[in-house]
Amino acid sequence: MQALGIIHKIGTVRESFVASMLSAAGQLHAPEAGDFLLDHKYLFEVGGRNKGFSQIADKPDSYVVAADIETDFGNKIPMWLLGFLY
C-alpha cells in the first residue's frame, strides 16, 4: 500500500494486514467495540506497541494485536504472528 502511495496512515495499514490474515482463519465481522470480531467470538483491537486494553477491557475472548513487539504477553499478540495464519 505504501509502495503504491495509496495509504499513508500506519493504523490503516496495520488494520488492513490484520483483516487480511484473520480472514484466512474465519469469518470477520465489524463489532461495536474493538476492530474485528472473528467467527462471532474472538474480538481483536489493533495498534502499536503501546496499545492497551481500554477499548475491549470488559469483553470476553478479547485480544490486542500489536505491531513492534516480538513476543506475546497475556492477551497481547505480536502482529507478525498473524502471518502464519495465511
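This report describes the fold, the sheet and selected residues of a predicted model.

## Overall architecture

The protein chain contains one helix and five strands. Along the sequence these elements follow the pattern α-β-β-β-β-β. The radius of gyration is 13 Å, close to the 12 Å that the globule rule gives for 86 residues, so the chain is as compact as a globular protein of that length. Along its principal axes, the C-alpha trace spans about 40 × 25 × 25 Å.

Of the 86 residues in the protein chain, 30% are buried. The chain exposes about 5,600 Å², and carbon and sulfur atoms supply 53% of this area. When contacts between residues at least 6 apart in sequence are considered, 23% of them join residues at least 24 apart.

## The sheet

The five strands form an open sheet with mixed pairing, in the order β1-β2-β3-β4-β5. Its edges are occupied by β1 (28-29) and β5, each of which has a single partner strand, so one side of each is left without a neighbour in the sheet. Strands of a sheet pair through backbone hydrogen bonds, in either a parallel or an antiparallel manner.

Strands β4 and β5 run parallel and are joined by three bridges. For Ala66, the bridge partner in β5 is Pro78.

## Buried positions in the helix and in β4

Arg14 belongs to helix α1, which covers residues 10-23. With a relative accessible area of 18%, Arg14 falls under the 20% limit and therefore counts as buried. Leaving aside residues up to four places away in sequence, Arg14 touches Val46, Gly47, Gly48, Ala67, Asp68 and Met79. One of these contacts of Arg14, Asp68, is found in the loop between β4 and β5.

Ser62 is part of strand β4. The relative accessible area of Ser62 is 5%, so this residue is buried, the limit being under 20%. Beyond residues up to four places away in sequence, Ser62 is in contact with Leu43, Ile56 and Asn75.

## Loop residues with positive phi

Which residue in the loop between β3 (42-47) and β4 (62-66) deserves attention for its backbone? Asp61 occupies this loop, and its phi is near 50°, a positive value in a residue other than glycine. Asp61 has a relative accessible area of 33% and is therefore partly exposed, since that class lies between 20% and 50%.

Asp68 also has a positive phi in a residue other than glycine, here near 65°. The position of Asp68 is in the loop between β4 and β5, and Arg14 touches this residue.

## A nonpolar surface patch

Trp80, Leu81 and Phe84 make a nonpolar patch of about 350 Å² on the surface. Within this group, Leu81 lies in the segment after β5 (76-78). Leu81 has a relative accessibility of 33% and so counts as partly exposed. Residues admitted to a patch must have over 30% relative accessible area, a cut-off that the value for Leu81 satisfies.

Key. Residues numbered from 1 in each chain as written. Predicted model: local features only at pLDDT ≥ 70, side-chain atom pairs only at ≥ 80, totals over all residues. Heavy atoms only, no water. Patch = residues over 30% accessible without salt bridge, like charges linked within 9 Å, V, L, I, M, F, W, Y side chains within 5 Å. Areas by Shrake-Rupley, 256 points an atom, 1.4 Å probe, with all protein chains shown as cover. Salt bridge = Lys/Arg side-chain N within 4 Å of Asp/Glu carboxyl O. Helix = DSSP H or I, 4+ residues; strand = E, 2+ residues; numbered from the N terminus. Buried < 20%, exposed > 50% of the residue type's maximum accessible area, 1.4 Å probe, protein only. Rg over C-alpha atoms; globule rule 2.2 N^0.38 Å. Contact = heavy atoms within 4.5 Å. Pairing = 2+ DSSP bridges.
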